[in-house]
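Got the viewer open and a selection box ready? Let's take a walk through this one, stop by stop.

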Amino acid sequence: MKNNVYTLFYAGVLGTVCSLLLTAAASFTKPYQQANAKAEKNRNILGVLKVPYQPGASSQELVKIFEDNVRQEKLGELDIYRYVPPQDSGADETAAVSFEGPGLWGPVKGFLALGKDMRTIRGITFYEQEETPGLGGEIAADWFREQFVGKSIVDAAGNPGIIISSSEGEAPNKVDAISGATMTCDKVQAMLNEAIKSIVQEKQ
Amino acid sequence: MADNKQMACMTCEPKGLCGGKGLLTLKEGAWANNPLAIQVLGICSALAVTNRLENSLVMGAALIFVCVGSNLLVSLLRKVTPYRFRMIAEVAIIATFVILFDQFLRAFYWDMSKQLGPYVGLIITNCIVMGRAEAFALQNPPMLAIVDGLANGLGYAVVLAIIGFSRELLGSGEILGHKVLSAQWYTPNQLMILAPGAFFALGIVIGIFNWLKGPEPQEKK
């Protein structure tokens, strides 16, 4: 009995000391971690909008480039990030819309970049995903993402939606699925279409 | 015979805090009983993060930090820890140190933290750390436990660095991101960056270690 009390007491003290240490560390590093997370998000938006920046840029530099080049706007309920490149650069105006949804193993989050018409896809990026490496994880690979460039978020008849499918046939709103990753592709298609539906609704 | 010689050595060593025994512990952990190359423990992380030298070095540093910290605390608490509670206590202490390191990486070396992904957190389950706490720190005074943690951490880090070095060199022709093998005459062997390359590199390192160390005394007879 006495033994049990001692063990419980020991567990309590050890647990308290450990958790105090961790709490102290977490609150000390929190501002740095938040700055990193923000820079990471900015880096993804800059990447999908094709804003030029140095690959080795620090967190502070990224935040600055982001603030100089990207305007955050509201389109109805949607948050969009608009990049208006300088006149002489020859690049086109681009807007990024965030999307997210459940993947196969965990949440999938990303940005979809659209041209000025808000119909043509300029790029797509996934900044958070835990899909199976080599299968569903390929959504983050260049070959999969580059397929989207130039595609439309509406079909030939103007109905909103993008199709990720392995079936034959070409369509302005269809990209090839990843073989062996049907579940991930279906889920990504669903979350994209949800975002696309609201974009089309807001920008008729 | 070999045992007798070792015994004699142990008894004639100076009884200082970390005198001869400390050196012996250091040699044992880093060389003769190297956790990776001789005991073949903790190879999961060694295979996963060694595609670049930089990753390997950071991972090695993480293991040294965790091993030294947890060995010290486990050793300090060894006389007050209830016997049947010891493993839970060890895991709690190890987890604390691992998360401390992880938080530090996330705050100050974000890119590195992203590249190492879950493998820093998985040090908690690394057999080397728990093994040293259970096998050494529980029976030995704090100073010696620190030396043992350092030795085993170093043993792990050195092997990781060797693997990381050879994989990065052969796989991408670079060392710490600097091009050293010109693309004109060297075609990087992609295999070395991929998982099978890690197995080849680790296997060769284990082979060399065992060859240099020679066979076990019992096997000689």
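What follows is a tour that starts with the sheet in chain A, crosses to chain B and finishes in a nonpolar core. Keep in mind that you are looking at a predicted model.

**Stop 1: the sheet in chain A**

Show chain A as a cartoon and select residues 70–75, which is strand E1, and residues 121–128, which is strand E5. These two are the edge strands, each pairing on one side only. Between them, the open sheet runs in the order E1-E2-E3-E4-E5, five strands with antiparallel pairing. Turn the view to look along the sheet and you can follow the twist, which averages 30° from one strand to the next.

**Stop 2: from E1 to E3**

Add residues 78–83 of chain A, strand E2, which pairs with E1(A) over six bridges in the antiparallel sense. Show side chains for A:Gln72 and look across into E2(A): A:Tyr81 is its bridge partner. Stay on A:Tyr81 and look the other way, into E3(A). Which residue of E3(A) is the bridge partner of A:Tyr81? It is A:Ala96. E2(A) and E3(A) are antiparallel as well, joined by four bridges.

**Stop 3: E4, with a hairpin on either side**

Now select residues 107–114 of chain A, strand E4, along with E3 at 94–102. E3(A) and E4(A) make a hairpin with four residues between them, and eight bridges hold the antiparallel pairing. Two pairs are worth labelling here. A:Pro102 has A:Pro107 of E4(A) as its bridge partner, and A:Glu100 stands opposite A:Lys109.

Leave A:Lys109 highlighted and step across to E5(A), where the bridge partner of A:Lys109 is A:Glu128. E4(A) and E5(A) pair over six bridges, again antiparallel. They too form a hairpin, this one with six residues between the strands. Click on A:Met118 in that turn: its phi is positive, at about 60°.

Is E4(A) enclosed or open to the outside? Six of its eight residues are buried, so E4(A) is largely enclosed by the rest of the structure.

**Stop 4: the helix across the sheet**

Select residues 2–49 of chain A to bring up helix H1. H1(A) lies across E1, E2, E3, E4 and E5 of chain A, and its direction makes an angle of about 160° with that of E5(A).

**Stop 5: a glycine past the sheet**

Go on along the chain to A:Gly137, in the loop between E5 and helix H3 (142–146) of chain A. Is A:Gly137 buried or exposed? A:Gly137 is buried, because 20 other C-beta atoms lie within 10 Å. Leaving out residues up to four places away in sequence, A:Gly137 touches A:Gln129, A:Glu131 and A:Thr132. For a sense of scale, draw a distance from A:Gly137 to A:Gln87: 50 residues apart in sequence, the two are 37 Å apart in space, C-alpha to C-alpha.

**Stop 6: where the chains meet**

Bring chain B into view. At the contact between the chains, 15 residues of chain A meet 14 residues of chain B. Colour the chain A side by class and you get ten nonpolar residues, five polar and no charged ones.

**Stop 7: chain B and its helices**

Hide chain A for a moment. Chain B has ten helices and two strands, in the sequence pattern α-α-α-α-α-α-α-α-β-β-α-α. Of its 221 residues, 39% count as buried.

Select residues 53–76 of chain B for helix H4, which has 24 residues and reaches 34 Å from first C-alpha to last, close to the 34 Å expected. H4(B) is mostly covered, with 17 of its 24 residues buried.

**Stop 8: the nonpolar core**

To finish, show B:Ala62, B:Leu63, B:Val66, B:Val159 and B:Ile163 as spheres: in the largest nonpolar core, 48 residues in all, these touch the most other members. Helices H3, H4, H5, H7, H8 and H9 of chain B each supply at least two residues of this core. Which helix gives the largest share? H8(B) does, with twelve residues.

Zoom in on B:Val159. Apart from neighbours within four places in sequence, B:Val159 is in contact with B:Asn34, B:Leu36, B:Ala37, B:Ala46 and B:Val205. Then bring chain A back: a second, separate core has 37 residues, among them A:Val48, A:Ala96, A:Ile178 and A:Leu192.

Notes. Residues numbered from 1 in each chain as written. Chains lettered and ligands numbered in written order. Predicted model: local features only at pLDDT ≥ 70, side-chain atom pairs only at ≥ 80, totals over all residues. Pairing = 2+ DSSP bridges. Axes fitted to C-alpha atoms, helices over the stretch in contact; angles between N-to-C directions. Contact = placed C-beta atoms within 7 Å. Nonpolar A, V, L, I, M, F, W, Y, C, P; charged D, E, K, R; others polar. Expected span 1.5 Å × (residues − 1). Buried ≥ 20, exposed ≤ 12 C-beta atoms within 10 Å, placed from the backbone. Core = buried A, V, L, I, M, F, W, Y, C linked by C-beta atoms within 7 Å.
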